[in-house]
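This report goes through selected sheets, helix contacts and a salt bridge. Please keep the sequence and the model open while reading.

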Amino acid sequence: MTDTARTARAGVPERPTLDGIEETWARHWQEDGTYAFDRAKERSDVYAIDTPPPTVSGELHMGHVFSYTHTDTVARFQRMRGRAVFYPMGWDDNGLPTERRVQNVYGVRCDPALPYDPNWVPPAAPVSEAARKDQTPISRRNFIELCELLTVADEEVFEALWRRLGLSVDWSLTYTTIGWVARATSQRAFLRNLARGEAYQAEAPTLWDVGFATAVAQAELEDRERPGAYHRLRFTGPGGREVLIDTTRPELLPACVALVCHPDDERYADLVGASVRTPVFGVEVPVRAHPLADPAKGTGIAMVCTFGDLADVTWWRELQLDTRVVIGRDGRLLPEPPAGVPAEPYAALAGQTVNGARRTMVQMLADAGDLVGEPREITHPVKFYERGDRPLEIVSTRQWYLRNGGRDARLRAELLARGAELRWVPEHMKHRYDHWVGGLTGDWLVSRQRFFGVPVPVWYRLDDTGEPDWSQRLTPDEALLPIDPSSEAPPGFEEAQRGVPGGFVGDPDVLDTWATSSLTPQIVGGWETDPDLFRRVFPMDLRPQGQEIIRTWLFATIVRSHLEHGVLPWRDAVLSGWILDPDRKKMSKSKGNVVTPMGLLEQHGSDAVRYWAANGKPGMDLAFDPAQIKVGRRLATKLLNASRFALGLGAADALRAPATEPLDTAMLAELSGVVAAATAAFDGYDHTAALQAAEAFFWRFCDDYIELVKERAYGTGPGADSARAALATALSVQLRLFAPVLPFVTEEVWSWWRYGSVHRSTWPTTYEVGRAVQGPGDPELLRLAADALGQVRRAKSERKLSMKAEVPLAEAVGPAALLDQLTLIADDLRAAGRIAKLDLRPDRTPDLVIACAF
């Protein structure tokens, strides 16, 4: 299972230091295979983690350090519990973020119409701002090669940081979401979805990002507050009746297909079923009733356009209205008006941007006398693609969809039931999943009009006129995957038949990055490629992830696993909180308050940064606090020095010997309780509580116990043997308790006196600690001794004396029963306090009082 038995004991150094231990131990762990997954283990002995693959399109930040440290503590704990930990690392390197990064770094853009240039050389990076604005067009293949080049470089930087942080992943299991295995897995799953009718193609209104020139899915939307204005327009009803509507998008007037009011709104009841004429264009449109119309919004009657927002889509679909599309994929108004719209007034709008057309349309309305009053400025939520910088439009496009319960009540109920099967940490995060699934309004749009992604593995026959016959799909055999329809011919065809009548054409789109990332358990688990591995790791044990991607990554992974395997993809989901800046605001790149971690790791050490991260519980936000990192450094330093001191007393040779003296057994009895508490905390994914229990004991151990027994430990005889045995057991146990959070310093100390790696040693148990205790152990005895010693120290401090100053006489006053207990540890108290004579005065005070005479 492990090679660590080959690692010899190093001996205690004269001057131990934290400096440089990250490089030393990262190298040893890699060479020794310390974290290699043992695939000979059966599923019951495996703990499998579906690790989040970070997006390789920039820098890792403290939020990554925060959440990935949490996962690593789980992996280390489970490994020490005897599980074979399947802990891979992936890089999410396909999709829009990578494309945008390539465009910005190299000042290029993809033009699929250009031929491949094998001699093209990318410009030196980074390019000037002018080059970024005036990007050089290159072929799709050249663009993809550039994406691959940049992601490889980024991944090397990311891996170096993860190794520096001490993540105990098995680096032989690394994968990328654009790699051969991921592409084959993604395409295989899609083809099976297609065969079962779960994937389908449709021409429909689509949320469209003009900047990226691609469709986006409902899960990728976010509302951003933007300034706007309400414009009041005058429509003309039967008999010349004035019908006023308020709209923030007057430029969509030529796309108007109806007015809609609430069925119970008496103001417009007589208009329902009749028609009105649009201003400027004079197009006749019906008035319809629908319960989603809000009588309290604006004038109570709304203009339905194809398409201004998602409400328009709902009304258009449910009321079966006409379609008049005026906005193209480039975000400009189409050159020709839709059917039924007069060309003359439309010509003033044709080809304009949305904002330009809005200004022109407002002027045209004013000139026609159909703009009532002045526009009323407002601030309102506008939908954006989460990575985009321009408001979304809704255009009609042909796209691929995957059923996700948005239009299927049965499937929705099944996915809600899957959410109920999952163990949520913290539990309240389940509400977000339920809210998302319950609020879905459509299926998952999985196709993207981009380039650096997994190609949709489909071709189409061309009819006799050279037009695609969408019903005549051609698909590859799974054994041929992965394939690229843009450069490979379908079975039974030759490349010369591409694009000619009677031949074929490849689907030009790629799959949404989530359509691949939602298959991370299958990609790394060897689905269909390594059945033996897959049965040992799937379904997995843990999905750690951010709370903000419950609706995307977590839900999408459940959808794919449910449809393909009929099970949850994992047993537990642990959700991270957010990192806040010192002003308690969420850190984000857009706000410019992100802290990058490498400098902190180099300045304070990885264990110190991990200590800060481990102080944040799952689901709870944590403020970035350099002072807390310094506390972690102090703890690691103290662990180094206290261990050296204990080992210098001879503890290394006393391991497994019994502790017999009352103070020693008392300390070990308290330590047994700490082991129980830390174990229960880790079992509940509460690494913070486990750390707090271990840390609180450690400081008492250093400040009280070591001070109380060091004189005895320096001596000879049974008392000294007991002290050294207790120190050995306590040190061994505490190193293992801290190991999940502080892997470097614990490994360093372990190597001084133990063989192998602390991270392959067994997790401490109460049985192990109890076995080292001979006789009863009362934790209260240690607390009593610490209280008494503390009073002696305070007396010296008040007199500004050295802690080494002699106390000629001390009187212990208190209840008789308490003083009887004190007699059990009186020798240790006298030695630690430098007390020449200790007199006991029972039953004179209700509490223990140590009075010192100097």
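## A four-stranded sheet

One open sheet has 4 strands in the order 8-7-16-18, and the pairing is antiparallel. The structure is a predicted model. Strand 8 (214-215) and strand 18 (444-445) are the edge strands, each pairing on one side only.

At one end of this order, strand 7 (residues 199-209) and strand 8 run antiparallel and are joined by 2 bridges. Trp208 has Ala215 in strand 8 as its bridge partner.

## A three-stranded mixed sheet

Another open sheet consists of 3 strands in the order 29-28-30, with mixed pairing. Its edges are strand 29 (835-842) and strand 30 (849-853), each of which pairs on one side only. From one strand to the next, the twist averages 20°.

The mixed pairing can be followed through strand 28 (residues 807-814), which pairs with strand 30 in the antiparallel sense over 5 bridges. With strand 29, strand 28 pairs in the parallel sense over 7 bridges. Which residues are the bridge partners of Glu811? In strand 30 the partner is Ala851, and in strand 29 the partner is Asp839. Val813 stands opposite Val849 in strand 30.

## Helices on the mixed sheet

Helix 24 (residues 779-798) lies across strand 28, strand 29 and strand 30. The helix runs at about 35° to strand 30. Helix 26 (residues 826-833) also packs on the sheet, where it touches strand 28 and strand 29. The direction of helix 26 makes about 135° with that of strand 29.

## Helix 21 and helix 18

Helix 18 (residues 626-648) packs against helix 21 (residues 718-738) at an angle of about 155°, and their axes are 10 Å apart. Angles over 145 degrees count as roughly antiparallel, so helix 18 and helix 21 are roughly antiparallel to each other. Helix 18 passes helix 21 in a left-handed crossing.

On the helix 18 side, the residues in contact are Leu635, Leu639, Ser643, Ala646 and Leu647. They meet Leu727, Leu731, Leu735 and Phe738 of helix 21. By class, the residues of this contact divide into 8 nonpolar, 1 polar and no charged.

## Helix 21 and helix 19

Helix 21 also packs with helix 19 (residues 662-683): the two axes come within 10 Å and cross at roughly 15°. Angles under 35 degrees count as roughly parallel, and helix 19 and helix 21 are therefore roughly parallel to each other. Their crossing is left-handed.

From helix 19, the contact involves Asp664, Met667, Leu668, Leu671, Val674, Val675 and Ala678. From helix 21 come Gly719, Ser722, Ala723, Ala726, Thr729, Ala730, Val733, Gln734 and Leu737. The residues of the contact between helix 19 and helix 21 divide into 11 nonpolar, 4 polar and 1 charged.

## Salt bridges

How many salt bridges does the model contain? The count comes to 61, taking a side-chain nitrogen of Lys or Arg within 4 Å of a carboxyl oxygen of Asp or Glu as the criterion.

Glu42 and Arg536 form one salt bridge, with the closest N and O atoms 3.2 Å apart. Glu42 is in the loop between helix 1 (21-32) and strand 1 (46-48), whereas Arg536 is in helix 14 (residues 531-537), so this pair ties together parts that are 494 residues apart in sequence.

Terms used
Residues are numbered from 1 along each chain as its sequence is written. This is a predicted model: local features need pLDDT of at least 70, side-chain atom pairs count only at pLDDT 80 or more; totals for chains, interfaces and linings use all residues. Side-chain values use heavy atoms; hydrogens and water are left out. Axes are lines fitted to C-alpha atoms, for helices over the stretch in contact, and angles run from 0 to 180 degrees between N-to-C directions. Angles under 35 degrees count as roughly parallel, over 145 as roughly antiparallel, 65 to 115 as roughly perpendicular and the rest as oblique. A crossing is left-handed if the near helix is turned anticlockwise from the far one by less than a right angle, and right-handed if clockwise. Contact means heavy atoms within 4.5 Å. Ala, Val, Leu, Ile, Met, Phe, Trp, Tyr, Cys and Pro count as nonpolar, Asp, Glu, Lys and Arg as charged, and the others, Gly among them, as polar. Two strands pair if DSSP finds at least two bridges between them.
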